[in-house]
Amino acid sequence: GVPLKVRIDFLKRSTMVELKSFSNPYRKPVNDVILGAIWSYRYDIQAAACFDAYEHLYAHVRDGRVYGKCPLPAGWESQLASPDDMCWTWIFQCKEADITRGLTIPRDYPGLIRARRDIARAKATYRACWERFGTERPWVSDDGIRNLTEADVPKWFREDVEAL
């Protein structure tokens, strides 16, 4: 009951390709910067959502439920790989240098379980807000003002105060 949308940069026979740019102003090892971006920006969520969307696309094509004028070449649907054979590929391009890296995730990568759990949680939050606020007005919480507590401060920021 929650509307979803994905955009895949390139759909190849056995992989979905997502182009990403990254910056490395502190000249860290490139692979560390890329992995940091994946987990900081939760790119794994996008990969999981696209895997799920691809399964729907494949089923619709298989069952003949794709209609209308398609800009793709005739016979494109016969080129689709089974969802079990599909993978996800990021192509990372550095903004400051001619550095490009690729990273692939297979469909059965265990880390996608966490991403799917977070997608389910976000969908539940969306559904709850839709029910609470409706569709005609902004979703603005009516929570009151509260006091900041030490529990709100990240642990790494508190440690020096606790040592005093």
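Leaving aside neighbours within four places in sequence, with which residues is A115 in contact? The contacts of A115 are R42, D44, I45 and A48. This report places that residue, and several others, in the setting of the whole protein.

## Model and confidence

The structure is a predicted model. The average pLDDT of the protein is 90, and 96% of the residues score at least 70. Confidence varies among the elements: the highest mean pLDDT, 98, belongs to strand β3 (residues 87–94), while the lowest, 66, belongs to helix α4 (residues 155–163).

## The nonpolar core

The largest nonpolar core contains 26 residues. Within this core, the residues that touch the most other members are M16, F22, W88, W90 and F92. At least two core residues come from each of the following elements: β2 (15–22), α1 (30–40), α2 (43–62), β3 and α3 (112–133). Helix α2 makes the greatest contribution, supplying 7 residues.

The surroundings of F92 can be described in detail. When residues up to four places away in sequence are not counted, F92 touches K20, F22, I34, I38, Y43, I99, T100 and R101. One of these partners, F22, is itself among the core residues that touch the most other members.

## Two buried alanines

A115 lies in helix α3. With a relative accessibility of 0%, A115 counts as buried, because the cut-off for that class is under 20%. In sequence, A115 and H60 are 55 residues apart; in space, their C-alpha atoms are 24 Å apart.

A37 is found in helix α1. A37 also counts as buried, at a relative accessibility of 12%. Apart from neighbours within four places in sequence, A37 is in contact with R42 and Y43. The C-alpha atoms of A37 and K20 are separated by 9.7 Å, and these two residues are 17 residues apart along the chain. R42 is thus named among the contacts of A37 and among those of A115.

## Loop residues with positive phi

R42 is located in the loop between α1 and α2. Its phi is near 55 degrees, a positive value in a residue other than glycine. R42 is partly exposed, with a relative accessible area of 26%.

R27 likewise has a positive phi, of about 55 degrees, although it is not a glycine. R27 lies in the loop between β2 and α1. The relative accessible area of R27 is 77%, so this residue is classed as exposed, a class that begins over 50%.

## Salt bridges

Side chains of opposite charge can pair when their charged atoms come close. A search of the whole structure finds 11 salt bridges. One of them joins R42 to D44, with the closest N and O atoms 3.0 Å apart. The two partners differ in exposure: R42 is partly exposed at 26% relative accessible area, whereas D44 is buried at 1%. Both R42 and D44 are also contacts of A115.

A further salt bridge links D118 and R117, at 3.7 Å from N to O. In this pair, D118 counts as buried at 14% relative accessibility, and R117 counts as partly exposed at 46%. These pairs belong to a wider arrangement, since a network of salt bridges links R42, D44, R117, D118 and R121.

R65 and D63 form another salt bridge, in which the closest N and O atoms are 3.2 Å apart. Both partners are partly exposed: R65 has a relative accessible area of 40%, and D63 has a relative accessibility of 41%.

## A nonpolar patch on the surface

Nonpolar residues also occur on the surface. L35, W39, L103 and Y109 form a nonpolar patch there, and together these residues have about 330 Å² of accessible area. Y109 is placed in the loop between β4 (100–106) and α3. Y109 is partly exposed, with a relative accessible area of 31%.

Note on methods:
Residues are numbered from 1 along each chain as its sequence is written. This is a predicted model: local features need pLDDT of at least 70, side-chain atom pairs count only at pLDDT 80 or more; totals for chains, interfaces and linings use all residues. Side-chain values use heavy atoms; hydrogens and water are left out. pLDDT is the predictor's confidence in each residue, from 0 to 100. Helices (H or I, at least four residues) and strands (E, at least two) are DSSP runs, numbered from the N terminus. A nonpolar core is a set of buried Ala, Val, Leu, Ile, Met, Phe, Trp, Tyr and Cys residues joined through side-chain atoms within 4.5 Å. Buried means under 20% relative accessible area, exposed over 50%, partly exposed in between (1.4 Å probe, protein chains only). Contact means heavy atoms within 4.5 Å. Patches are made of residues with over 30% relative accessible area and no salt bridge: like charges are joined within 9 Å, nonpolar side chains (Val, Leu, Ile, Met, Phe, Trp, Tyr) within 5 Å. Accessible areas come from the Shrake-Rupley method with a 1.4 Å probe; for residues, only the protein chains shown count as cover. A salt bridge is a side-chain nitrogen of Lys or Arg within 4 Å of a carboxyl oxygen of Asp or Glu.
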